[in-house]
Amino acid sequence: MDAGAQGLLPGLGYLMSTRAPKTTGLHPVEIEAIRSALQTPKYELIPLKNVLDQSAFLPDGATVSVTASPQKGMMATIELSIELKNRGFEAIPHLSARLTVDRSELEEILSRLDQAGIRKAFVVGGDAEDHGEFFDGLALLTAMEEIGHGLTEIGVPGYPEGHHIVDVPTITKALEDKLPFTSYITSQMCFLPDAISEWVRGLRESGIGLGVYVGIPGVAELTKLISLSMRIGVGPSARFLSKNKSLAGRLVRPGGYSPDDLIIGLAPLLADSVANIAGFHVYTFNRVESTEKWRREMLESLD
């Protein structure tokens, strides 16, 4: 890569490395922190037609986060979560405020989750432009509390590179307002370890001590990675790649992106007890087979 390209995107090497991950410079505590985070990550799945086939490659009893899609609607998420629960996984459905039509549908959702024995959920505002009774995640959380539910753990999202629509002060205030309902925070996908570390530091300095699951991409084709990153508002790394696909195509590993060097860059954060990193949340893009192969190889490389 030329110097000009590196200047446009600090940390691009983490996104487009062709090298095997190098842990020789890491402290043993950092290596152990990486190993711990990779042992039992959360896996995010999308309710698409290949999802159950790909779920067969998950470790037994894995924790699986199921997204909510404007195209599929909330019930697709609930039904897939129940199916995964029945297959022995720990299912965490995403409850999207903007995809939940009204209080009646929310009551049905909570009832179905309770009957299925699903005790965890992840509450998001949602990307849909139109919405029903609930405008944002806080409105949904408040209604859930009023209705009553059997959930024992509720996560909410965080944004290391900011939100593509909402400004930082508004996001921070919303997160603070959600704290009485919230068990943990999962970060939006981000490719830059420095941005993630700075964001976590900001949380702690503002008095927000909840555990953070760091959102990392799994193994993915370049075009899919760029498309999803731009859609959810991931910052400069994705914008650079979207304009330089030929360069990126020469630099990513055969078979697509894998997050080895991102994880190495996160090692100091993972090992920092004050940061309170709970683990990894892996955005699999429903490529579980290749993502699991990568995870196991990464663990082996730490031995």
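In the predicted model, the buried residues of helix α5 are Met 74, Met 75, Thr 77, Ile 78, Leu 80, Ser 81, Ile 82 and Leu 84. These buried positions pack against strands β1, β2 and β3 and against helices α4 (51-55) and α6 (103-116). Helix α5 lies across β1 (42-45), β2 (63-66) and β3 (90-96), and its direction makes an angle of about 170° with that of β3. The helix comprises 13 residues and spans 19 Å from its first C-alpha to its last, close to the 18 Å expected at 1.5 Å a residue. Just after α5, Gly 88 adopts a positive phi of about 95°.

The strands contacted by α5 belong to a wider arrangement. A closed barrel of 8 strands follows the order β1-β2-β3-β4-β5-β6-β7-β8, with parallel pairing. From one strand to the next, the twist averages 30°. Strand β7 (residues 211-217) pairs with strand β8 (residues 277-283) in the parallel sense, over 6 bridges. Within this pairing, Phe 280 of β8 is the bridge partner of Val 214.

Phe 280 also features in the nonpolar interior. The largest nonpolar core contains 75 residues, of which Leu 95 and Phe 280 touch the most other members. Helix α5 (residues 74-86) supplies the largest share of this core, 6 residues. A second, separate core consists of 5 residues, among them Phe 122, Val 124, Tyr 184 and Tyr 213. In soluble globular proteins, nonpolar side chains tend to be buried together. When residues up to four places away in sequence are not counted, Phe 280 touches Ala 37, Leu 38, Pro 41, Lys 42, Tyr 213, Val 214, Ile 216, Ile 263, Leu 266 and Leu 270. The contacts of Phe 280 thus include Tyr 213, a member of the second core, as well as Val 214, its bridge partner.

Charged side chains provide a further set of contacts, and the structure holds 13 salt bridges. One of these joins the side chains of Asp 303 and Arg 35, with an N to O distance of 3.5 Å. Asp 303 is located in the segment after α15 (288-301) and Arg 35 in helix α3 (residues 28-39), so this pair ties together parts that are 268 residues apart in sequence. The two partners are placed in contrasting surroundings: Asp 303 is exposed, with a relative accessible area of 73%, whereas Arg 35 counts as buried at 17% relative accessibility. Both residues are linked with Glu 32 in a network of salt bridges.

A salt bridge is also formed between the side chains of Glu 146 and Arg 103, at 3.2 Å from N to O. Because Glu 146 lies in helix α7 (residues 137-147) and Arg 103 in helix α6, the pair ties together parts that are 43 residues apart in sequence. Glu 146 is exposed, with a relative accessible area of 53%, while Arg 103 counts as partly exposed at 29% relative accessibility.

The salt bridge between the side chains of Asp 177 and Lys 173, at 2.8 Å from N to O, is formed within one helix. The two residues are 4 residues apart in helix α8 (residues 168-178) and are therefore separated by about one helical turn. An α-helix has 3.6 residues a turn, so residues three or four places apart point the same way. Asp 177 is partly exposed at 29% relative accessibility, and Lys 173 is likewise partly exposed, with a relative accessible area of 46%.

Definitions and conventions: Residues numbered from 1 in each chain as written. Predicted model: local features only at pLDDT ≥ 70, side-chain atom pairs only at ≥ 80, totals over all residues. Heavy atoms only, no water. Core = buried A, V, L, I, M, F, W, Y, C linked by side-chain atoms within 4.5 Å. Buried < 20%, exposed > 50% of the residue type's maximum accessible area, 1.4 Å probe, protein only. Contact = heavy atoms within 4.5 Å. Pairing = 2+ DSSP bridges. Axes fitted to C-alpha atoms, helices over the stretch in contact; angles between N-to-C directions. Expected span 1.5 Å × (residues − 1). Salt bridge = Lys/Arg side-chain N within 4 Å of Asp/Glu carboxyl O.
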